[in-house]
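Please look over the sequence and the structure shown here before reading on. The report below describes the overall build, a charged surface patch and one acidic residue.

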Amino acid sequence: MSLKRAKITGIGRYLPEYILTNKELETMVETDDEWIRTRTGIAERRILKDPDKASAFMATEAAKEAISDANINADEIDAIIVGTVTPDYFFPATAALVQKRVGAVNAWGFDLSAACSGFLFALSSGSMMIESGRAKKVLVIGADKMSSIIDFKDRTTCILFGDAAGAVVLEEADSGGIIDFVHHTDGDEECSLYQPAGGSLNPPTVESVQNKLHYIRQDGKVVFKSATRGMADVSLEIMERNNLTGDDIAWLVPHQANLRIIDATARRMGLDPQKVMINIEKYGNTTAATIPLCLYDWKDRLKDGDNVILAAFGGGFTWGATYIKWEK
Ligand code: UT7
């Protein structure tokens with residue numbers, strides 16, 4: 001049996017309307033536009049203000065656009081995987097809510113928790129379903145309402161994150177598609193980037209809320225160092241494994257956590273900066289949504305045959321890179 005590959009045939013996204021600028025953040029915490037821009041590259045981010053809407057809403061809107069872009073019907077979808085750390089509920093899964101709302105009546109699905117690597121891990125899981133022959137069409141989504149777990153009084157985290165969703169449809173490829181991936185998980189640093197309470201270890205209590213344990217905690221310096229090393233190492237690893245040099249690569253699609261991390265990764269890969277997709281200035285770090293948001297913004301510039309490397313690093317720690325020979 002010849003190995004099938006998966007390719008991305010449709011891309012969609014959802015961006016909340018509300019734009020939270022650095023200037024507005026200056027009125028909320030002791031920070032300034034200049035500090036945020038030079039240390040992170042972020043100018044503004046989107047916030048989903050409607051209290052009745054959350055990750056499943058954004059995921060559904062992105063999914064609908066991806067399904068339409070792929071020119072398929074929702075009932076053709078075999079599986080739905082949603083990368084998220086901000087699901088509407090612990091259960092049912094966000095994937096179940098999306099399944100119902102897009103009308104994917106023949107799909108099964110689940111959520112995948114890998115923080116900022118959520119989209120990449122979900123993409124690899126979906127592509128393996130297609131490679132195995134078990135699925136023909138898989139919907140892969142990255143969706144996070146980060147504002148639901150942010151302390152807007154903590155200047156070390158509230159300036160970084162935004163809300164959004166991105167989605168892709170995977171189908172069988174004739175030639176190119178998702179060629180390879182290298183993914184890693186290392187639980188050694190579980191408390192360097194995490195949400196301390198809300199799970200089974202520290203269920204919600206009055207004290208846990210008063211002590212702000214339901215918000216993101218991050219040791220920025222530790223994560224910065226590990227992310228810079230991790231994203232660059234894993235991107236080089238996938239290049240070496242596939243005999244690619246910087247010249248062979250058309251695009252790097254990096255997770256958008258910090259412009260300095262992205263620049264360091266591109267330098268280690270020997271890439272011309274023009275080949276790096278960067279939109280962090282507009283959206284900040286949208287966790288599982290960053291990579292599909294980039295693919296969406298650049299979709300008209302991606303050409304069949306382009307060698308594209310996706311790379312991410314996030315809580316867990318989790319990190320990885322994926323090699324796609326672009327074919328739509
Ligand atoms: O997507 C998941 C992975 N996450 C990441 O990759 C994030 C990784 N970490 C980072 O991107 C960076 O560490 C941060 C952007 C979070 C922080 O940047 P930094 O250059 O590492 O700053 P720092 O933590 O070393 O802080 C430098 C100074 C400190 O003041 P002192 O101690 O030097 O007086 C901070 O208190 O900047 C201060 N500071 C701020 N100043 C103005 C921290 N946050 C702010 C702020 N505005 N928002």
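What follows is a short account that moves from the whole chain to single residues.

The model is predicted, and its protein chain has eleven helices and 13 strands. The radius of gyration of the protein chain is 19 Å, close to the 20 Å that the globule rule gives for 328 residues, so the chain is as compact as a globular protein of that length. Taken along the principal axes, the C-alpha atoms fill a box of roughly 60 × 45 × 35 Å, and 56% of the 328 residues count as buried.

On the surface, Arg39, Lys221, Lys225, Arg229 and Arg260 form a positive patch. Helix α8, which spans residues 220–241, gives the most to this patch, with three residues. Another member of the patch, Arg39, has its place in helix α2, residues 33–40.

Is Asp151 buried or exposed? Asp151 lies in the loop between β6 (137–145) and α6 (155–158), and Asp151 counts as buried because its relative accessible area of 11% falls under the 20% cut-off. Arg39, with a relative accessibility of 41%, counts as partly exposed because this value lies between 20% and 50%. The two residues are set out below.

| Residue | Relative accessible area | Class |
|---|---|---|
| Arg39 | 41% | partly exposed |
| Asp151 | 11% | buried |

Asp151 can also be placed relative to Arg217, which is 66 residues apart from Asp151 along the chain, while the C-alpha atoms of these two residues are separated by 9.3 Å.

Definitions and conventions
Residues are numbered from 1 along each chain as its sequence is written. This is a predicted model: local features need pLDDT of at least 70, side-chain atom pairs count only at pLDDT 80 or more; totals for chains, interfaces and linings use all residues. Side-chain values use heavy atoms; hydrogens and water are left out. Patches are made of residues with over 30% relative accessible area and no salt bridge: like charges are joined within 9 Å, nonpolar side chains (Val, Leu, Ile, Met, Phe, Trp, Tyr) within 5 Å. Accessible areas come from the Shrake-Rupley method with a 1.4 Å probe; for residues, only the protein chains shown count as cover. A salt bridge is a side-chain nitrogen of Lys or Arg within 4 Å of a carboxyl oxygen of Asp or Glu. Lys and Arg count as positive and Asp and Glu as negative; His and the chain ends are not counted. The place of a charge is taken as NZ of Lys, CZ of Arg, CG of Asp or CD of Glu. Helices (H or I, at least four residues) and strands (E, at least two) are DSSP runs, numbered from the N terminus. Buried means under 20% relative accessible area, exposed over 50%, partly exposed in between (1.4 Å probe, protein chains only). The radius of gyration is taken over C-alpha atoms; the globule rule is 2.2 Å times the number of residues to the power 0.38.
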